[in-house]
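Student: Hi, could you walk me through this one? I'd like to go residue by residue where we can.

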Amino acid sequence: MIALDGSGDIVYEALGSYIDGLCGSVFLGTARGKVVLYKMGTYPLTPTGEPLPFLNVFYSHGMLEITGIWNRDGKSGAFLLKMVPSGIEVRDGGIIYITFHPSDGGIVLVTLYGNEGLAKTLEGAVLDCRTERREDEKMLSSMLGIRSIIPPQWETSHP
């Protein structure tokens, strides 16, 4: 299920997932970062401009879980992604790109500004995730004001 929603409930769900991750998942690291969805256009899932100071990455049941919670300009927001990654690329300077292909199409690009140690950890985790295929993917973002993305609805709700 993929849900993108502008309500405050997403903040609580992302926070709850973060707490669950601390209790039942393997914490892989925290880095500055940003997330963008490419699907018939470009849609930021985290604030544009400066990267978020904290995107937290967990390994849970063959998937990566990435959470971020923020308050910018008096507006609270949250992001949660729980999916099997499609790939990872590490560039000089510790920039880490992780891609995800949601089941309903599109590409999610997570950009993390970390270090060599985090990059090696995430490369290993991505390889481990790719040996499993999970169906319980989830993506939430308070940046977009739509409940769910279903391909036919997407075309009519976003010109």
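Student: Where is Thr46 found?
Tutor: Thr46 sits in the loop between strand 2 and strand 3. Strands here are DSSP runs of E with at least two residues, helices are runs of H or I with at least four residues, and both are numbered from the N terminus. One caution early on: this is a predicted model, where local features need pLDDT of at least 70 and side-chain atom pairs count only at pLDDT 80 or more, while totals for chains, interfaces and linings use all residues. Residues are numbered from 1 along each chain as its sequence is written, and side-chain values use heavy atoms, with hydrogens and water left out.

Student: Is Thr46 buried or exposed?
Tutor: Thr46 is buried, with a relative accessible area of 1%. Buried means under 20% relative accessible area, exposed means over 50%, and partly exposed lies in between (1.4 Å probe, protein chains only).

Student: What is Thr46 in contact with?
Tutor: Setting aside neighbours within four places in sequence, Thr46 is in contact with Lys34, Val35, Leu52, Trp70, Phe79 and Met143. Contact means heavy atoms within 4.5 Å. There is also a polar link: a polar atom of the Thr46 side chain lies 2.9 Å from the backbone nitrogen of Val35. A polar contact is a pair of N or O atoms within 3.5 Å; within protein, one must be able to donate a hydrogen and the other to accept it, and residues adjacent in sequence count only if both atoms are side-chain atoms.

Student: Moving on to Lys39, is that one buried or exposed?
Tutor: Lys39 is buried, at a relative accessible area of 6%. Lys39 belongs to the loop between strand 1 (26-38) and strand 2 (42-44).

Student: And what does the side chain of Lys39 reach?
Tutor: The Lys39 side chain reaches the backbone oxygen of Asp104 at 2.9 Å.

Student: Let's zoom out. How many helices and strands does the chain have?
Tutor: There are three helices and nine strands. Along the sequence, the pattern is α-β-β-β-β-β-β-β-β-α-β-α. Of the chain's 159 residues, 45% count as buried.

Student: Why is strand 4 largely enclosed?
Tutor: Because seven of the ten residues of strand 4 (residues 63-72) are buried, the strand is largely enclosed by the rest of the structure. Thr67 is found in strand 4, and Thr67 is buried with a relative accessible area of 1%.

Student: Which way do strand 3 and strand 4 pair?
Tutor: Strand 3 (residues 52-60) and strand 4 pair in the antiparallel sense, over five bridges. Two strands pair if DSSP finds at least two bridges between them. Thr67 in strand 4 is the bridge partner of Asn56. The hairpin of strand 3 and strand 4 has two residues between the strands, and His61 there takes a positive phi near 50°.

Student: How many bridges link strand 4 and strand 5?
Tutor: Nine bridges, with strand 4 and strand 5 (residues 75-83) antiparallel. Gly68 stands opposite Phe79 in strand 5. Thr67 and Phe79 are twelve residues apart in sequence, yet their C-alpha atoms are 5.5 Å apart. These two strands also form a hairpin with two residues between them, and Asp73 in the turn has a positive phi of about 55°.

Student: Nice. Now strand 7: which side chains point to which face?
Tutor: Ile96, Ile98 and Phe100 point to one face and are buried, whereas Ile95, Tyr97 and Thr99 point to the other and are not. In a regular strand the side chains alternate between the two faces of the sheet.

Student: What does strand 7 pair with?
Tutor: Strand 6 (residues 85-91) runs antiparallel to strand 7 (residues 95-100), joined by six bridges. Strand 8 (residues 107-113) is also antiparallel to strand 7, over six bridges. On the strand 6 side, Ile88 stands opposite Ile98, and Gly87 has Thr99 as its bridge partner. On the strand 8 side, Tyr97 stands opposite Thr111.

Student: Which residue takes a positive phi in the hairpin of strand 7 and strand 8?
Tutor: That is Gly105, with phi near 105°, in a hairpin with six residues between the strands. In the hairpin of strand 6 and strand 7, with three residues between the strands, Gly93 takes a positive phi near 90°.
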